[in-house]
Every structure is written in structure tokens, then in C-alpha cells.
Amino acid sequence: MFRSRFPIVRVGDAGSLLLESKINPNTAYQKQQDTLIVWSEAENYDLALSFQEKAGCDEIWEKICQVQGKDPSVDITQDLVDESEEERFDDMSSPGLELPSCELSRLEEIAELVASSLPSPLRREKLALALENEGYIKKLLELFHVCEDLENIEGLHHLYEIIKGIFLLNRTALFEVMFSEECIMDVIGCLEYDPTLSQPRKHREFLTKTAKFKEVIPISDPELKQKIHQTYRVQYIQDMVLPTPSVFEENMLSTLHSFIFFNKVEIVGMLQEDEKFLTDLFAQLTDEATDEEKRQELVNFLKEFCAFSQTLQPQNRDAFFKTLSNMGILPALEVILGMDDTQVRSAATDIFSYLVEYNPSMVREFVMQEAQQNDDDILLINLIIEHMICDTDPELGGAVQLMGLLRTLVDPENMLATANKTEKTEFLGFFYKHCMHVLTAPLLANTTEDKPSKGALRFKRKIIGLKDEFYNRYIMKSFLFEPVVKAFLNNGSRYNLMNSAIIEMFEFIRVEDIKSLTAHVIENYWKALEDVDYVQTFKGLKLRFEQQRERQDNPKLDSMRSILRNHRYRRDARTLEDEEEMWFNTDEDDMEDGEAVVSPSDKTKNDDDIMDPIMKESEEKEVLLKTNLSGRQSPSFKLSLSSGTKTNLSSQSSAASLPGSPGSPGSPGSPGSPGSIPKSTSQTAAITTKGGLVGLVDYPDDDEDDDEDEDKEDTLPLSKKAKFES
């Protein structure tokens with residue numbers, strides 16, 4: 001679809017606008033492959049129109065050629081000149097760009113000159129220099145007054161295009177002229193007359209009548225006051241007056257962004273240096289005589305002041321927040337957060353977030369020093385926790401923000417550790433002593449009448465799951481298991497979610513062998529729990545507790561157990577290499593069915609398994625009965641060890657550990673072992689001392705298979721036997 005001098009692409013039935021681009025007389029348009037039109041609108045910005053059918057492409061191409069006065073049969077409307085050649089040509093032809101005389105009748109010519117200069121960086125540079133040197137902008141603004149007085153709408157539309165084009169030249173020197181006190185309102189007036197709008201906007205009326213500059217604290221410096229006015233108006237131009245920049249225009253306004261940025265930096269610096277201004281600000285903030293409306297204005301100003309600081313360089317930001325800290329911003333925030341006005345508290349929370357995000361260590365140091373002088377109830381960090389808990393917003397927007405700030409403060413990852421002090425230890429110790437009871441109060445409140453909520457149980461289970469002794473000491477000190485045990489007992493024999501959750505919590509303590517919590521539970525709650533026998537959890541905890549006592553009373557036994565455990569589970573790296581080499585050197589064809597190669601480390605492991613029943617009686621003090629439900633005899637693992645010292649050990653140990661031997665702890669005839677075997681030997685182990693190393697899994701009732709296997713073993717090559725024995 002084509003309308004006036006703008007090609008417009010519309011897609012689908014809805015006719016959504018994808019692109020609107022003015023056809024410039026000096027832009028080179030190129031038609032490719034009969035369905036594609038390509039052109040450039042600015043440096044490094046190439047655009048293309050793609051058509052489904054050739055007829056649609058030809059229609060738009062004819063309109064473009066008609067505007068530029070070209071024959072539609074050509075594939076390109078302008079000769080493409082290399083930038084270097086263009087620069088050489090312009091340098092040879094003229095030293096600069098000559099502007100038309102600034103007259104009412106030539107406004108259209110000036111607008112076309114500005115528009116044609118924008119695509120070329122060299123032309124933009126020359127146009128900017130010409131506008132600077134000839135004071136052209138002020139002459140254009142004089143014509144603006146003439147056009148307004150004459151109600152010359154066409155001239156005002158041309159001036160809009162000219163001023164908008166000057167913005168896109170991206171020159172700081174031009175902005176200095178346009179944003180000066182005498183010119184800025186006229187520049188805004190030119191931008192009110194957008195040709196695409198039926199009625200002009202009323203930006204000047206808004207800035208002069210609606211928007212009022214309010215000094216919460218009187219500013220004595222006239223330069224600072226003028227800078228604040230200018231920054232507000234330029235920000236308004238960027239956000240409200242200028243049209244939304246297209247893709248290729250966005251980078252052409254980078255200097256405008258920089259102008260606002262450096263203005264804010266100057267404002268922050270000038271306010272920071274005015275000690276009287278900041279002193280009056282914080283004095284009025286904390287003064288009880290200050291009325292609510294005035295205090296709200298002061299807090300909003302301080303919030304905007306801190307927002308401006310985000311534009312500072314790191315070293316300047318350090319100085320800024322150090323100045324605010326010396327002025328007492330944190331005590332002031334503590335006073336403000338204690339007020340009832342929700343808007344004031346919300347602004348104070350935003351200010352507090354700037355401080356926490358910038359330097360959490362500064363906030364931690366303040367609250368720890370504050371605790372030495374004030375009660376826990378009025379500490380700054382406890383006020384934050386209370387506001388987080390009592391947030392009245394249905395969407396909990398404030399609570400989520402405060403939760404993030406609290407998480408930052410207690411995060412050990414951003415805590416400092418120096419030679420003189422460890423912030424992690426100091427602050428976390430302070431937090432658990434002075435703040436944890438405030439944070440956990442809602443959870444503990446749900447345990448009234450001995451009925452803890454599911455959320456409270458889930459929270460406590462999460463803490464126990466961390467296995468952090470810091471948390472465990474707090475749990476034991478506050479006897480936080482007491483409401484849990486009461487709830488469990490009051491629940492009785494009902495098998496519900498509460499019952500399962502509590503049992504799982506104690507089972508986790510038993511399985512993970514959390515010694516401090518095990519001792520605490522047994523010492524304080526065993527009498528209440530000893531009659532619970534439908535699960536073995538609490539008896540298992542009691543057993544763990546007795547084992548701990550035994551280790552404390554007999555440290556030699558504990559050291560022997562550690563030696564055996566290390567010997568049993570630690571495998572040397574060289575052993576692993578030997579096993580891999582033996583595996584890869586073993587020919588698959590040489591291995592008989594049912595045969596398994598036993599590695600040297602497995603030999604050691606088997607020796608340890610022989611010793612396990614002896615040690616398990618003193619270590620675990622429990623035996624488990626495992627029987628074959630089918631009545632069939634369990635398979636025996638026939639393991640032959642190499643002859644030598646290990647054979648002697650095996651023969652001596654086997655007599656004491658085999659289930660059939662009368663004196664073994666697991667035999668039916670042995671005292672204290674009612675028909676059970678140790679759980680570490682759940683299957684019968686038959687140890688033989690036959691020469692050679694063979695690992696077989698047999699069933700005793702398959703005698704013929706045993707004979708065949710022994711025959712196969714005898715027929716193995718000597719080299720193969722040597723390999724197995726090595």
C-alpha cells in the first residue's frame with residue numbers, strides 16, 4: 001500500500017503497521033531478484049522490503065522512482081559512491097556546507113537540506129558546523145515566533161522537521177544552544193507542531209503552569225537551581241516531546257542521553273558539597289515537629305537524590321554514600337520506617353534498597369553498633385522484618401522487596417573477612433541473637449495449642465536438612481523440638497500428614513547421624529517417645545545415642561573402628577589402575593560362563609567382610625533376620641583366596657563367622673543371637689582355601705555344575721591362571 005510519499009507495509013487482515021519510511025530524494029534504492037527492495041537510511045542501518053509476488057514489488061518500485069524522478073526500468077535509483085570517494089569529492093568541491101538564507105519562504109528548502117544530510121556522516125558533520133558558526137538556530141527560533149503570530153501552519157510543520165533533524169545530528173555544541181535558558185522553551189514550541197497530528201500539543205503550557213518547581217529545602221545557589229530546571233526540561237523533551245526513535249535513529253540520540261547523564265552528575269556533586277543543605281534535610285526528616293506532608297516531600301526528594309547517584313562513577317558513588325552515612329541517613333530511615341504513612345515508608349524502603357545494594361557491610365555495621373544502645377524491638381533490621389511480615393498489599397510487593405534486601409544482608413557470600421575481624425561470624429551471631437526471634441515469630445505463633453502448622457514443620461525440616469551446627473545450637477537452646485513432640489503425642493495413633501512429617505524429621509536425624517540433635521532429643525524427650533514402637537525411628541535414635549556415649553567412654557575402640565573403616569573403603573589409585581589393566585588384558589573368550597575375575601582390591605574387601613561380623617556386634621548392637629521366603633536355600637558365594645598369609649586369616653576367621661558354626665555370633669546356637677545373622681552378611685559366605693583365585697556363584701543343589709566348573713578350572717592354561725593370580 002502506498003500513501004503520499006511514504007511506502008507502508010501492511011500485513012494480514014488487521015493491517016498492522018510494520019514500517020513507515022520517508023522516500024528521500026538522495027537515498028539510493030535498489031531492486032533485487034524482482035521481489036526485494038533494499039536501501040540504507042543511516043550509517044550501518046540497512047532496510048529491505050520483501051514481497052511475495054513480483055507485481056507488488058513493481059508497484060512500490062514505480063512509486064519510489066516517480067518520487068525521485070527516475071525511470072522504473074532501472075534497478076538502482078542512485079549511483080553508489082564509496083565513502084572515501086565521496087569524502088574526496090566533497091573536500092575538493094567546497095570547504096563546507098552553505099546554508100540557505102534563514103527566511104520564511106525558504107523553510108521547505110532548509111528542511112529538505114537537513115533531511116538529505118542525515119544519511120551521510122560527512123554531511124551531518126558539515127551541517128552541524130554550519131549551524132554552529134552562523135548562529136542559525138537562534139534565527140530559526142525567531143522565524144518560529146513569526147510563524148506562530150501569522151498562524152502559518154505549513155511553516156511550523158517545516159520548523160518541526162528542521163528542529164527534529166538538528167536533534168539527530170547528535171552534537172553537544174548544538175544542544176548547549178538549544179537547551180539554554182533563552183532557547184529551550186522555543187525549541188519545545190517548535191516540537192509541538194508535529195505534521196502527523198491534527199492539533200498541536202501543549203507542552204509549554206504544561207511546563208509553565210502545571211509542573212511546579214518545589215524546593216523542599218531552599219537552594220541558595222542560582223547555578224544549581226538553573227541546572228535542575230534545565231535537566232527536568234531536557235528529560236521531558238526526551239520522554240514526552242520527541243517521537244519514539246526508530247531503530248536507525250536510536251543511536252543518533254546518544255549525545256542527548258549523555259547530556260542528561262552529565263547534568264545529573266553535576267547536580268549530585270553540587271548538592272553533596274552543600275553541607276548546610278544536607279544538614280537541614282536530615283534535621284527536618286527526623287524532627288517530630290515536621291508535618292506529614294512536608295516529611296513526604298523530603299523523603300521523595302531524598303529518594304530522587306539517591307536515584308541520581310546511580311549515574312556516578314564508582315569512586316564518586318563511594319564518596320556520595322559516605323557523605324550520606326556521615327550525615328546520618330540510616331538513623332533517619334529508622335525514624336521514617338517507624339511511621340504510619342505507607343507512602344513515606346515505601347519511599348524510605350526504596351532509599352534503603354539503594355544503600356543495601358551498594359554497600360551491605362555498611363548497613364550491617366550500623367545495626368550491630370545500634371544493638372549495643374537500643375532494645376531489639378526498635379532495631380532497624382527488626383523494623384524491616386516486621387514490615388515484611390505485616391505487609392498489607394494483597395500482591396505482597398513491599399514484602400517481596402524487603403525479603404530480597406534481608407536476604408542480601410544475611411548472605412554469607414558478600415560478607416567480608418579481614419585479618420582483624422570476620423563479618424560472617426559477627427553479623428550472623430548478632431542476627432540469631434537479636435533478630436531470629438522476630439523472623440520466626442509468625443511460625444512459632446502457629447504452634448499454639450500444640451498444633452504446629454505444616455509451614456512451620458516444613459521450615460524446620462529445611463533448617464535441619466542443612467546440617468549446620470549454627471542452626472542446631474539455636475534449635476537446642478530454644479527447645480524448639482518441644483512443640484513438635486507435643487503435637488506428635490497429641491496426634492495419637494492417627495496416620496496422617498502430621499504424623500508422617502514428624503517421623504520423617506526424626507528419621508532424617510537418625511540416618512544422617514546428626515549427633516548434637518540426637519543427644520538433645522534423647523536427653524530431653526526420650527521418656528515421652530520410648531513407648532512409640534510401631535516405627536523403629538526413636539529406638540534407632542536411642543541406639544545412636546548409646547553408640548556415641550560408648551565412643552566417648554572407649555576412644556580406643558572408636559580409633560580401631562576408624563582404622564578398619566578406612567582400610568575397608570579407601571582404595572589406592574594404583575589398585576584401580578591394576579584392576580583396569582587386568583580387565584582389559586583378560587580375553588573375553590577365555591572366560592567361562594559363570595566365572596568372574598576377582599580383583600586384588602576385592603580380596604581385601606572380602607577379608608574385611610569376614611571381620612565385619614566381629615566388629616558389627618559392638619558397633620551396631622542390632623541384628624536383622626533375613627530368610628528365604630521360598631524355603632529354598634540361599635545361594636552361596638564360593639570364593640577361593642590365594643594361598644599365603646591371607647589363607648591363614650581366612651581359615652581362622654571362617655570358623656568364627658560362618659552361620660553354621662556353633663560359636664559364631666550369627667548362628668542359631670549362639671547365645672544372644674536368636675536365629676539371626678548380622679546384616680552385613682545377609683547371604684551365606686563359604687570361604688575355601690583352594691589354591692588359585694576363582695570367583696563363582698553356585699547353588700548347593702547343583703552338584704553336577706560344581707563338578708563341571710572345577711574341571712574347567714583345572715583345564716585353564718597356565719598363563720591364564722598366572723594372570724588371574726597376579
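Student: Which residues are linked with Lys31 in a network of salt bridges?

Tutor: Lys54 and Asp58 join Lys31 in that network. Keep in mind that this is a predicted model. A search of the whole structure turns up 23 salt bridges.

Student: What makes Glu125 and Arg171 a salt bridge?

Tutor: Their side chains come to 2.9 Å, N to O. The cut-off is a Lys or Arg nitrogen within 4 Å of a carboxyl oxygen of Asp or Glu, so the pair qualifies. Glu125 sits in helix H4 (residues 121-133) and Arg171 in the loop between helix H6 (153-168) and helix H7 (172-178), so the bridge ties together parts that are 46 residues apart in sequence.

Student: Why is Glu125 called partly exposed?

Tutor: Its relative accessible area is 36%. Buried would need under 20% and exposed over 50%, so Glu125 falls in between.

Student: How do you know that Glu148 and Arg204 meet in a salt bridge?

Tutor: Same kind of test: the N to O distance is 2.7 Å, and the limit is 4 Å. This pair links distant parts of the chain, with Glu148 in helix H5 (residues 136-150) and Arg204 in helix H9 (residues 203-210), 56 residues apart. Glu148 has a relative accessible area of 22%, and since buried means under 20%, Glu148 counts as partly exposed.

Student: What about Lys515 and Asp513, what makes them a salt bridge?

Tutor: Their side chains are at 3.3 Å, N to O, and the criterion asks for within 4 Å. Lys515 is partly exposed: its relative accessible area is 44%, and exposed starts over 50%.

Student: How do you know that Lys460 has no salt bridge?

Tutor: The nearest side chain of opposite charge is Glu482, and that one is 9.8 Å away. A salt bridge needs within 4 Å, so Lys460 goes without. Lys460 is also buried and belongs to helix H23 (residues 454-465).

Student: Which residues is Lys460 in contact with, leaving aside neighbours within four places in sequence?

Tutor: Ile475, Leu480, Phe481, Val484 and Met505.

Student: Why is Tyr136 called buried?

Tutor: Relative accessibility is 2% for Tyr136, and the cut-off is under 20%, so buried is the right word. Tyr136 is in helix H5. The C-alpha atoms of Tyr136 and Cys102 are separated by 7.5 Å, although the two are 34 residues apart along the chain. Beyond the four places on either side in sequence, Tyr136 has contacts that include Leu99, Pro100, Cys102 and Ile110.

Student: What makes Thr27 buried, given that it lies in a loop?

Tutor: The label goes by accessibility: Thr27 has 7%, and anything under 20% counts as buried. The loop runs between strand S3 (16-20) and strand S4 (30-32). With neighbours within four places left out, Thr27 is in contact with Trp39, Ser40, Gln68, Thr77 and Gln78.

Student: Why are H15 and H17 called roughly perpendicular?

Tutor: Helix H15 (residues 329-337) and helix H17 (residues 360-370) cross at roughly 70 degrees, their axes coming within 11 Å. The perpendicular range is 65 to 115 degrees, so the pair fits. The crossing is right-handed. Leu330, Pro331 and Glu334 in H15 meet Met362, Val363, Phe366 and Glu370 in H17.

Student: What makes H19 oblique to H20?

Tutor: Helix H19 (residues 397-410) and helix H20 (residues 423-434) pack at about 130 degrees, with axes 10 Å apart. Roughly perpendicular stops at 115 and roughly antiparallel needs over 145, so the angle lands in the oblique class. Leu406, Leu409 and Val410 of H19 make the contact with Phe427, Leu428 and Phe431 of H20.

Student: How do you know that Leu379 is buried?

Tutor: Its relative accessible area is 0%, and the cut-off is under 20%. Leu379 is in the loop between H17 and helix H18 (380-389). Leu379 and Glu334 are 45 residues apart in sequence and 7.9 Å apart in space, C-alpha to C-alpha. Among the contacts of Leu379 outside four places in sequence are Glu334, Glu370, Phe430 and His434.

Student: How many helices and strands does the protein have?

Tutor: There are 34 helices and 10 strands. Of the 726 residues, 39% count as buried.

Notes:
Residues are numbered from 1 along each chain as its sequence is written. This is a predicted model: local features need pLDDT of at least 70, side-chain atom pairs count only at pLDDT 80 or more; totals for chains, interfaces and linings use all residues. Side-chain values use heavy atoms; hydrogens and water are left out. Helices (H or I, at least four residues) and strands (E, at least two) are DSSP runs, numbered from the N terminus. Buried means under 20% relative accessible area, exposed over 50%, partly exposed in between (1.4 Å probe, protein chains only). Lys and Arg count as positive and Asp and Glu as negative; His and the chain ends are not counted. Contact means heavy atoms within 4.5 Å. Axes are lines fitted to C-alpha atoms, for helices over the stretch in contact, and angles run from 0 to 180 degrees between N-to-C directions. Angles under 35 degrees count as roughly parallel, over 145 as roughly antiparallel, 65 to 115 as roughly perpendicular and the rest as oblique. A crossing is left-handed if the near helix is turned anticlockwise from the far one by less than a right angle, and right-handed if clockwise.
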